[in-house]
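This report introduces a protein structure to a new reader. It turns to the strands and their pairing, and then to the cysteines.

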Amino acid sequence: MTGQILWRLSALHGFYSSLHYLPDFTGDSVRELVITTIKDSCLCINGANGSVLWNYTASSKFPPYEDALDLLLDMNQDGVNEIIAATYKYSSDNKGRVICLDGRTGTKLGEWSSSSLTNYNVRGVCIINPYSATIAAGLSSGLVQYLVWRNNTFKEDVSFSTGLINCLTRVSTLGASSDEVPDILCGTTDLLYALDGVNASELWRLELTYADVSSFSVRTVLLLPDVTGDDYFDILVVGYS
């Protein structure tokens, strides 16, 4: 371990916001990377040498957050995960999108926009249940929309509204309810919600208010090992005021 830089990639596409690993499909025994930028690029990068394997250009910007993308199981059985990504609103209809990309080629397989809402961004996505291809999308309108990916099409499932506008900031898997389906943590201004991964019902909410802070916007929610000894995950909440 020397700290030597093995390769670097310039930020010509904009600063990088979200990163996941893909299986090695170039045959060099090093896993590939998929990255979104704060502009409109989603790139797959050779993990061994930093070369760009493909670059998908969206019709809008990707969110500048770590939950801008997530990985499905290999639904088309080509040996590489499919990629789910969130985008900001398109100029054509003022609707954000959830898109699905082929992990090997970067080809867009399908996309979703709300059937009932306009003027919103999709702030983040996460996979709830990889086996049923169930996805949660967090919208800036305050809605958490569950989607199911089937036959290259997104189908709308249940949803949950926080009643807060432009402050849904994080969606993260929890996995704590008795139905053995991962649950969802979503952060808003001054509130952290836990939602059931099956029906999007509210399991609990936590007010995040402090005497010396006028408001607290949740930005990142991380699961920690059980540090309190009660046999449950602990949660780290990071935000700003």
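Two strands are said to pair if DSSP finds at least two bridges between them. Helices (H or I, at least four residues) and strands (E, at least two) are DSSP runs, numbered from the N terminus. The structure is a predicted model, in which local features need pLDDT of at least 70, side-chain atom pairs count only at pLDDT 80 or more, and totals for chains, interfaces and linings use all residues. Residues are numbered from 1 along each chain as its sequence is written, and side-chain values use heavy atoms, with hydrogens and water left out.

Four strands form an open sheet in the order β1-β2-β3-β4, and their pairing is antiparallel. At its edges lie β1 (16-22) and β4 (52-57), each of which pairs on one side only. On average, neighbouring strands of this sheet are turned by 15° against each other, direction ignored; here axes are lines fitted to C-alpha atoms, and angles run from 0 to 180 degrees between N-to-C directions. Strand β1 runs antiparallel to β2 (residues 32-37), and six bridges join the two. Leu19 stands opposite Ile35 in β2.

A disulfide is a pair of cysteine sulfur atoms within 2.5 Å. By this rule, the count is zero disulfides. The table gives values for two of the cysteines; buried means under 20% relative accessible area, exposed over 50%, and partly exposed in between (1.4 Å probe, protein chains only).

| Cysteine | Closest cysteine sulfur | Relative accessibility |
|---|---|---|
| Cys42 | Cys44, 8.3 Å | 0%, buried |
| Cys126 | Cys186, 9.6 Å | 5%, buried |

The sulfur of Cys42 is too far from that of Cys44 for a bond, and the sulfur of Cys126 is likewise too far from that of Cys186.
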